[in-house]
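Biologist: Before I accept the labels put on a model, I would like to hear the reasoning behind them. Could you take me through a few?

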Amino acid sequence: MKITRIYEDAMKSCVICNSCRYCEGLCAVFPAMEKKRVFNLQDMDYLANLCHNCSECFYDCQYAPPHEFNVSIPAQFAALRQQSYKKYAFPNFLSFIFEKNAFISALLLVVLFFAGFYLAFAGKNSQSGDFFDIMPYTYMTSLFSIVGILVLIALIVGIVKYAKAIELKNVSFSAFIQTLKDALSLKYLGGHKNEGCTYPNETRSNVRKIFHHLTAYGFIFCFIATSLGAFYHHFLHIYAPYDLTQFPKLFGFIGGIFLCIGTLGLLILKLKADKKLIDKESVGMDYVFILMLFIVSFTGLLLMFFRESEYLAALLWLHLSCILTFFILLPYSKFVHMFYRFTALLKYNTEEEQH
Amino acid sequence: MQTKEFDVIVIGGGNAALCAAISAKEENKNLKVAILESSPKEWRGGNSQHTRNLRSMHDAPTDVLTDAYSEDEFFDDVFKVTKGQTNEEYARFVISHTPQAVEFAKKHGVRFQPSMRGTLHLGRTNAFFLGGGKSLVNAYFTTAKKLGIEIFYEFEALDLIFEADACKEALVLDKKNNQEVKFRAKVFIIASGGFESNLEWLEEAWGEKARNFIIRGTKFNQGKMLKALQKNKAQIIGDPTQGHMVAIDARTPKYDGGIASRVDCVSLGIVVNKDAQRFYDEGEDFWPKRYAIWGRLVANQEEQIAYSITDSKVQSCYMPSLFPPIVTNSIEELAQKMKLDEKKLKQTIDEYNQSVVAGQFNHTIQDNCFTKGLKIEKTHWALKIDTPPFYCYPLRPGVTFTYMGVKVDKTARVYKDDGSLFENLFAAGEIMAGNILTQGYVAGFGMSIGTVFGRLAGENAVKVMKGLK
Ligand SMILES: Cc1cc2nc3c(=O)[nH]c(=O)nc-3n(C[C@H](O)[C@H](O)[C@H](O)COP(=O)(O)OP(=O)(O)OC[C@H]3O[C@@H](n4cnc5c(N)ncnc54)[C@H](O)[C@@H]3O)c2cc1C
Ligand code: HEM
Ligand code: SF4
Ligand code: SF4
């Protein structure tokens, strides 16, 4: 019943915004709202994911608490976003397990995987820093391929469910390109005219956007590094370990550093953020996601630095356990925000184009 | 009693006060300037936090205003709504300063919406604050703090103490500690808004009717400074019953309902009173233009309540509102819900329906749908009310602001009732808006007056200070 309460509160706020409209020029959410007179649950899932939680409209709101109308778009929409992640996740029951306690579930998984690797490969190590001396190539690739494919299916089903629910249709190429630009540049996290937004507090700044860029691009770099590694291995027959002048390593190294700095930055901002902007229920999930990203990248960097040491095996198991856990968490964690946001932005740009 | 010393004291924390304090400090950076704001920080900004735009003349399109809007046209608009009850010299004086007001706002962090987009935008005559008045007020408070102006929240000025023609100190209540503090200064600027939040005072002016009024803005404009000025022989102008009053949703909270409480469908249906009778031509003119007269109309009905009734045909022609309409499938049911006499309401609507002359309905122009043969005709947008579901909004008078205030000269200095000027006392904003307006209102003029006179008050206060001992 709490879900309906969250939706009710947010809908009430939308009705107020829609008759007030003072925030019209701040971001995409308000023009999107204006296209409606009544809001259903799907509309709310769309609007919530269109919101970038920049908090401008909170500080500007004449009806923000302590006003009895209690309009608090950033916090109310954060709560809705989490509900929407859960609602469209596939298979649905898994999301409930992680929702109960994302932190403990993640920790448990890491420990379990680590124990598994230890039992399977104890005693193996490598002088040269070759991972496959420790864990056989076929084992590693098949494990990650199977998990990867399952995760991918889960992700795709979830995203399609969401896109259907919010009635995304008639997408044009130009709207797609516009959305890609908006997402890659995080247009709506920069406040009006990129002057910065009011996060983590009332003073305007672009720090959150910078840290997010480091995180997101760091992640993309690491993803490229892994793909390149596979490409080098299979097609060029150039095998790991690579040195810093080679692309897989270069991307991985830069990506790892970006990710570490970015996630730490986001974490600190989150701790400092005005408590009125944050939804208490969903904040746990945010932390777990940021921490997982940090740990994955940090253990990756460690592995690189201690490649030629006696800790190699343990570090490899740790890093791989973290990555596996991260993979499994993906469809049920805040990771999906990027797809939901992208889909929401796509709908917005499509509708604007047709307008 | 504790005493605090400043060079300039500004009483109030809305647009006019902030413009005055910032201008004073910028005129001379070495001065000690204080702002006394009666509200806690979360409620700061008076009525200004509820505003949407300010009106500005311009000769050519700007980044925030389209086309052109000349001084003459602006003045004509003021002249029309006030039915000539405006002071032309002062009105033109303010109008000619409005372009600088927009520049001043921008320079001090206020952001405006780009001039192109939007459903609501008048775009040409009014510049819209991005994020509304609260964001304007926030920007000014941030600037004020940066400049080193001291801001006292929850400090309410109670009285002013004069010696001869000079104000010497303000007696102030520190509400957090519930103790009185003396604030001494060389010059004082009063920008504490009107007295519209003071229910007793409204009742004095309006009688019992006022009990049913809703105050659209802040609860902190209690008019204490206006009382103090009255007592100390400042020249008071205007009539306490004059002000800006609109018809708003009767379910709005007593204070701070702001813009969202407006009801936008009056001209599309009919409006009846407690007795289920129509009492004015709903189709006289477009709603934004008629908006301001309906407050007074409803105020003069029994129990200060009225009901705006439409049917499902016109649903999409007006702005959605804060409170959902009351929806019913029959007129009888509607009457029951509104506690109106069923028969009378039925009769009113039947008579109205029978008098409707078929025309081409178009809510964007003054169309040819009207009634013929009624005591009170509806002259435009008259459609039969016959297609359920029926929609109803209850209406009450919503007070925006009052016009009674103090007389000032063109440097914002306050006159005494003998026609001379106080030495060191200035006023800006709503408390002196009556110098320009005595009735009626053009949207956005309040913020223009406050910004123009706020700046003048700040600058001239510092200039005058140099000449004082
Ligand atoms: C809902 C609404 C919408 C409006 N929309 C517009 C619009 O779009 N455009 C427009 O031009 N005008 C609009 N107006 C009118 C506009 O609000 C006023 O003209 C304008 O705000 C007046 O500014 P001010 O600084 O004089 O007063 P206010 O902004 O009301 O500020 C008065 C300040 O004085 C403080 N104060 C009062 N008494 C004391 C005391 N004794 N001691 C210390 N502090 C005190 C109050 O707390 C407050 O901060 C609107 C008004 C309302 C209510
Ligand atoms: C389509 C591309 C993306 C968009 C539009 C986007 C948008 C956003 C926005 C608006 C936020 C802040 C609001 C919130 O906390 O919900 C956010 C948070 C976050 N994003 Fe992204 N993102 C994208 C891609 C990514 C990628 C690729 C990563 C890294 C894997 C990432 C990692 C994070 C993290 C860790 C946070 C949490 C920050 C916090 O809680 O303060 N994002 N994202
Ligand atoms: S957030 Fe507040 S000020 Fe902005 S549109 Fe909504 S109700 Fe109006
Ligand atoms: S928090 Fe920012 S992004 Fe979200 S609705 Fe408000 S202004 Fe838009």
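Modeller: The model is predicted, and the labels discussed below concern a metal site, some aromatic rings and a helix.

Biologist: What makes the site of the iron atom of ligand 2 octahedral?

Modeller: The iron atom of ligand 2 has six donor atoms, with angles of 85 to 180° among them. Six donors count as octahedral if opposite donors are over 155 degrees apart and all others between 65 and 115, and the site is classed as octahedral. Ideal angles for six octahedral donors are 90 or 180 degrees.

Biologist: Which residues coordinate the iron atom of ligand 2?

Modeller: H212(A) and H337(A) do, each through NE2, at 1.9 to 2.0 Å. The cut-off for a donor is 2.8 Å, so both nitrogens qualify. H212(A) lies in helix α11 of chain A and H337(A) in helix α15 of chain A, so the pair ties together parts that are 125 residues apart in sequence.

Biologist: Why is H337(A) called buried, and H212(A) partly exposed?

Modeller: Buried means under 20% relative accessible area. H337(A) has 11%, so the label is buried. H212(A) has 22%, so the label is partly exposed.

Biologist: Why is the pair of Y88(A) and Y162(A) called edge-to-face?

Modeller: Their ring centres are 5.5 Å apart, and the limit for a pair is 6.5 Å. The planes stand at 70°; over 60 counts as edge-to-face, so that is the label. Y88(A) is in helix α5 and Y162(A) in helix α9 of chain A, 74 residues apart. Both Y88(A) and Y162(A) are buried.

Biologist: How do you know that F335(A) and F339(A) form an aromatic pair that is edge-to-face?

Modeller: By the same two tests: F335(A) and F339(A) are 5.6 Å centre to centre, with 65° between the planes. F335(A) is buried at 6% relative accessibility, whereas F339(A) is partly exposed at 27%. Both belong to one aromatic cluster with F219(A), F289(A) and F326(A).

Biologist: What makes the reach of helix α9 of chain B close to the expected value?

Modeller: Helix α9 of chain B has 14 residues and reaches 20 Å from its first C-alpha to its last, against 20 Å expected at 1.5 Å a residue.

Biologist: How do you know that D341(B) caps the N-terminal end of α9(B)?

Modeller: A side-chain oxygen of D341(B) lies 3.0 Å from the backbone nitrogen of K343(B). The cut-off for a polar contact is 3.5 Å, so the distance meets it. Among the buried residues of α9(B) are L345(B), I349(B) and Y352(B); their cover includes β14, β15 and α8 of chain B.

Definitions and conventions. Residues numbered from 1 in each chain as written. Chains lettered and ligands numbered in written order. Predicted model: local features only at pLDDT ≥ 70, side-chain atom pairs only at ≥ 80, totals over all residues. Heavy atoms only, no water. Donors = N, O, S within 2.8 Å, 3.2 Å for Na, K, Ca; no water. Tetrahedral: all angles 85-135°; square planar, octahedral: opposite > 155°, others 65-115°. Helix = DSSP H or I, 4+ residues; strand = E, 2+ residues; numbered from the N terminus. Buried < 20%, exposed > 50% of the residue type's maximum accessible area, 1.4 Å probe, protein only. Expected span 1.5 Å × (residues − 1). Contact = heavy atoms within 4.5 Å. Polar contact = N/O pair within 3.5 Å; in protein donor to acceptor, adjacent residues only side chain to side chain. Phe/Tyr/Trp six-rings, centres within 6.5 Å; stacked < 30°, edge-to-face > 60°.
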